[in-house]
Amino acid sequence: MPTERLTLPGGRNGRASLDVSDGDGDGDAVVVACPPHPQHGGTRHDGRLGAVSDALPERIDCLRFDYGPWDEGRGERADARTACTWAADRYDSVGLFGYSFGGGVALLAADGVDAVAALSPVAEFDDGSDVVAAVGGIDAPLWVGYGRRDDAVDAERVAAAARDAGASVERFDADHFFVGREPRVGERVAGFFDATL
């Protein structure tokens, strides 16, 4: 589907709060992609989100969105859920992916989706929301990836919880930003969604 600004039912502040882009809308499945922290420049144009979108097979579209006004993580989770609801009305199956802060958003907003992937997810939010604890409650195939040299977030705690829950966990020889490894990471995440959606 072309990039467009939408007013989504349930969107925050009674106005359009999400941008959707990617894909031609002909797929039978979609991956909703949650950007990194918006106060640190995170948008739907993030390179890791783009790498996943580019690597998805033709049958799977990608819906990348921008969060509405900053709301300490609560509103950002609401934005992700709204995007998933919008997608579920249009596709047979919905996957949820996020990177860094967006990985935490994806793990906390995973109710009702068909598969979840988180790349270098944060372990908790400033408001006290516990991402690690949320992992055990996810009732869908789950993949967690993180960089061996990641010193920006405590993704290892999330990865350990994912291992305990029987999820797929992959450790990359990378830092938090996956510099030079974005295409490889995109392929791994896309492969997970190709197998589960």
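The following conversation goes through a predicted model, from its sheet to its rings and cysteines.

User: What kind of model is this, and how are residues numbered?
Analyst: This is a predicted model, in which local features need pLDDT of at least 70, side-chain atom pairs count only at pLDDT 80 or more, and totals for chains, interfaces and linings use all residues. Residues are numbered from 1 along each chain as its sequence is written, and side-chain values use heavy atoms, with hydrogens and water left out.

User: Let's start with the sheet. In what order do the strands come?
Analyst: The open sheet has 6 strands in the order 4-3-5-6-7-8, and their pairing is parallel. Strands (E, at least two residues) and helices (H or I, at least four) are DSSP runs, numbered from the N terminus. Two strands pair if DSSP finds at least two bridges between them.

User: Which strands are at the edges?
Analyst: Strand 4 (60-64) and strand 8 (168-172) are the edge strands, each pairing on one side only.

User: By what angle are neighbouring strands turned?
Analyst: On average, neighbouring strands of this sheet are turned by 15° against each other, direction ignored. Axes are lines fitted to C-alpha atoms, for helices over the stretch in contact, and angles run from 0 to 180 degrees between N-to-C directions.

User: How many bridges join strand 3 and strand 5?
Analyst: Strand 3 (residues 29-34) pairs with strand 5 over 6 bridges, in the parallel sense. Within this pairing, Val-32 has Leu-96 of strand 5 as its bridge partner.

User: And what does strand 6 pair with?
Analyst: Strand 6 pairs with strand 5 (residues 93-99) in the parallel sense over 5 bridges, and 4 bridges join strand 6 to strand 7 (residues 142-147), again parallel. Tyr-99 stands opposite Leu-119 of strand 6, while Val-116 stands opposite Leu-142 of strand 7.

User: Is strand 6 enclosed or exposed?
Analyst: Strand 6 (residues 115-119) is largely enclosed by the rest of the structure, because 5 of its 5 residues are buried. Buried means under 20% relative accessible area, exposed over 50%, and partly exposed in between (1.4 Å probe, protein chains only). Ala-115, Ala-117 and Leu-119 point one way from the strand, Val-116 and Ala-118 point the other way, and all are buried.

User: Moving on to helices, what does helix 3 form with strand 5 and strand 6?
Analyst: Helix 3 (residues 101-108) makes a right-handed β-α-β unit with strand 5 and strand 6. A crossover is right-handed if, with the strands pointing away from the viewer, the path from the first strand over the helix to the second runs clockwise.

User: How many residues of helix 3 are buried?
Analyst: 8 of the 8 residues of helix 3 are buried, and the helix is mostly covered. Among them are Phe-101, Gly-103 and Leu-108.

User: Where does helix 2 lie?
Analyst: Helix 2 (residues 74-88) lies across strand 3, strand 4 and strand 5, and runs at about 170° to strand 3. Helix 5 (residues 155-164) lies across strand 7 and strand 8, running at about 150° to strand 7.

User: What about Ala-110, where is that, and what is it in contact with?
Analyst: Ala-110 lies in the loop between helix 3 and strand 6. At 7% relative accessibility, Ala-110 counts as buried. Leaving aside neighbours within four places in sequence, Ala-110 is in contact (heavy atoms within 4.5 Å) with Leu-96, Val-116 and Ile-138.

User: New topic: how many aromatic pairs are there?
Analyst: A search of the whole structure finds 7 aromatic pairs. The rings of Phe-65 and Tyr-67 have centres 5.4 Å apart and planes at 85°, so this pair is edge-to-face. Phe-101 and Phe-125 are stacked, at 5.0 Å centre to centre with 15° between the planes. Rings of Phe, Tyr and Trp (its six-membered ring) pair if their centres lie within 6.5 Å; planes under 30 degrees apart count as stacked, over 60 as edge-to-face and the rest as tilted.

User: Which residues do the ring pairs link into a cluster?
Analyst: The cluster contains Phe-65, Tyr-67, Trp-70, Phe-101 and Phe-125.

User: Last one: how many disulfides are there?
Analyst: The count is 0 disulfides, a disulfide being a pair of cysteine sulfur atoms within 2.5 Å.

User: Why does Cys-84 not form a bond with Cys-34?
Analyst: The sulfur of Cys-84 is 6.6 Å from the closest cysteine sulfur, in Cys-34, which is too far for a bond. Cys-84 is also buried, at 9% relative accessibility.
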